Amino acid sequence: VIVYKRPLAPDLMAQLEQRFTVLDFTCVTDLTEDADFLEALPRAHGLIGASVKLDRELLARAERLEAISSISVGVDNYDIAYLNERDIVLCHTPDVLTETTADTAFLLILSAARRGVELANMVRKGEWTESVKEPQFGVDVHHKTLGIVGMGRIGQAIGRRAKFGFGMTVNYHNRSRHEIVEQELDATWLEFETLLERSDIVCVTVPLSDATRKMFDQKAFETMGAECIFVNISRGGVVDEPALIEALQNGTIRAAGLDVFETEPLPADSPLTRLDNAVTLPHIGSATHETRFAMAELAVQNLIQSLQGDRPQAPYNWDALDRG
Ligand code: 8YV
């Protein structure tokens with residue numbers, strides 16, 4: 001099996017080494033250009049890692065591939081139709097990262113609303129010379145209206161924090177309605193545009209797919225309006241990034257809290273790195289010691305089970321495969 005991008009803790013690595021020949025490519029930055037990796041691919045039965053687009057062209061080389069274990073919940077890096085065609089199991093890591101990622105959403109919501117990063121930078125630069133006055137004030141988060149786009153596991157965890165921690169009104173937009181969530185959070189399902197109109201804060205948790213690509217465009221930001229804060233912890237691809245930059249520059253929306261971007265790492269010359277009303281994090285949604293370990297642990301289990309021919313704990317495409 002091949003481990004790529006994400007180094008595994010020694011005991012997790014040992015679990016793989018007890019069962020398989022393990023090739024470690026975690027130090028390689030650009031896998032698609034790496035001759036050793038390309039040479040090893042045809043021999044691989046399993047892949048485990050994250051943060052690399054494994055397209056058809058690349059995987060066509062992996063003739064013996066049986067399973068991919070992604071150390072992520074999002075599976076937009078994989079061509080699912082192709083994996084199904086080839087009967088390759090794809091596994092991911094839901095649940096174990098839900099609470100941590102919901103915490104990250106609140107880190108961004110609070111930082112953007114209270115201008116945490118901008119004002120902390122003022123202190124660091126030695127520019128705190130008098131008590132903060134109105135031009136530096138933020139806006140409240142508690143008791144405001146939060147619009148969650150995508151009411152999956154992470155959306156629900158954000159909703160619970162909002163409702164029970166901050167006394168917020170929670171509205172949501174999702175392909176399907178969740179009546180149990182509506183009851184628990186007293187949440188209302190709204191059409192996309194209506195949700196944007198009624199939100200003080202919009203938080204995005206939808207997976208990236210053809211249906212969600214660039215769903216936040218100029219029109220969406222205009223609908224949110226000048227008081228609204230936009231928070232994205234899903235994927236940069238759901239946003240038309242130039243339109244977002246313009247909306248932040250022109251005051252079409254108030255501020256944004258962003259953990260994900262169209263191109264990652266975010267290029268240093270992106271205007272987003274310089275705008276005071278944009279809080280930009282380096283895709284740390286799940287990046288705590290505890291959660292990243294739990295994700296890797298689950299991913300290793302997924303891979304072992306898949307390669308042993310068993311149903312893995314968290315398969316993504318099991319039902320679409322012959323054995324499903
Ligand atoms: C991953 C994420 O670590 O799980 C996801 O979908 O976005 C993160 O938790 C991802 O692999 C980061 O590239």
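**A walk from the sheet outwards**

Let's start with an open sheet of seven strands, running in the order S8-S7-S6-S9-S10-S11-S12 with parallel pairing. Two of these strands sit at the edges, S8 (188-189) at one end and S12 (278-280) at the other, and each of them pairs on one side only. Keep in mind as you look around that this is a predicted model.

Now step into the sheet and find S6, which covers residues 145-149. In the sheet order, S6 stands between S7 and S9. Is this strand enclosed or open to the outside? Four of its five residues are buried, so S6 is largely enclosed by the rest of the structure. The cut-off behind that word is 20 or more other C-beta atoms within 10 Å of a residue's own.

On one side, S6 pairs with S7 (residues 169-173) in the parallel sense, and five bridges join the two. If you want a place to check the register, look at Thr145, which stands opposite Thr169 in S7. Further along the sheet comes another parallel pair: S9 (residues 201-204) and S10 (residues 229-232), held over four bridges. Here Val204 is the residue to look for, with Asn232 of S10 standing opposite. As a reminder, strands of a sheet pair through backbone hydrogen bonds, either parallel or antiparallel.

Zoom out to the whole protein. Its secondary structure comes to twelve helices and twelve strands. The C-alpha trace spans about 65 × 50 × 35 Å along its principal axes. So how does the radius of gyration sit with a compact globule? For 324 residues such a globule would come out near 20 Å, and the protein's 21 Å agrees with that. Of those 324 residues, 39% count as buried. Among contacts with a separation of 6 or more, 63% are between residues 24 or more positions apart.

The UniProt record, an unreviewed entry, annotates residues 3-315 as "domain: D-isomer specific 2-hydroxyacid dehydrogenase catalytic". That span is 37% helix and 14% strand, and the C-alpha atoms at its two ends lie 18 Å apart.

Last stop, the ligand. Which residues are around it? The shell consists of Ala50, Ser51, Ile71, Ser72, Val73, Gly74, Leu97, His283, Gly285 and Ser286. By character, the shell divides into six polar residues and four nonpolar ones, with no charged residue in it. Gly counts as polar in that tally, so Gly74 and Gly285 of the shell belong with the polar group.

Methods
Residues are numbered from 1 along each chain as its sequence is written. This is a predicted model: local features need pLDDT of at least 70, side-chain atom pairs count only at pLDDT 80 or more; totals for chains, interfaces and linings use all residues. A residue is near a molecule or strand if its C-beta atom, placed from the backbone, lies within 6 Å of it. The radius of gyration is taken over C-alpha atoms; the globule rule is 2.2 Å times the number of residues to the power 0.38. A residue is buried if 20 or more other C-beta atoms lie within 10 Å of its own, exposed if 12 or fewer, and partly exposed in between; C-beta atoms are placed from the backbone. Two residues are in contact if their C-beta atoms, placed from the backbone, lie within 7 Å. UniProt positions are given in the numbering used here, feature names are shortened, and annotations may be inferred rather than shown by experiment. Two strands pair if DSSP finds at least two bridges between them.
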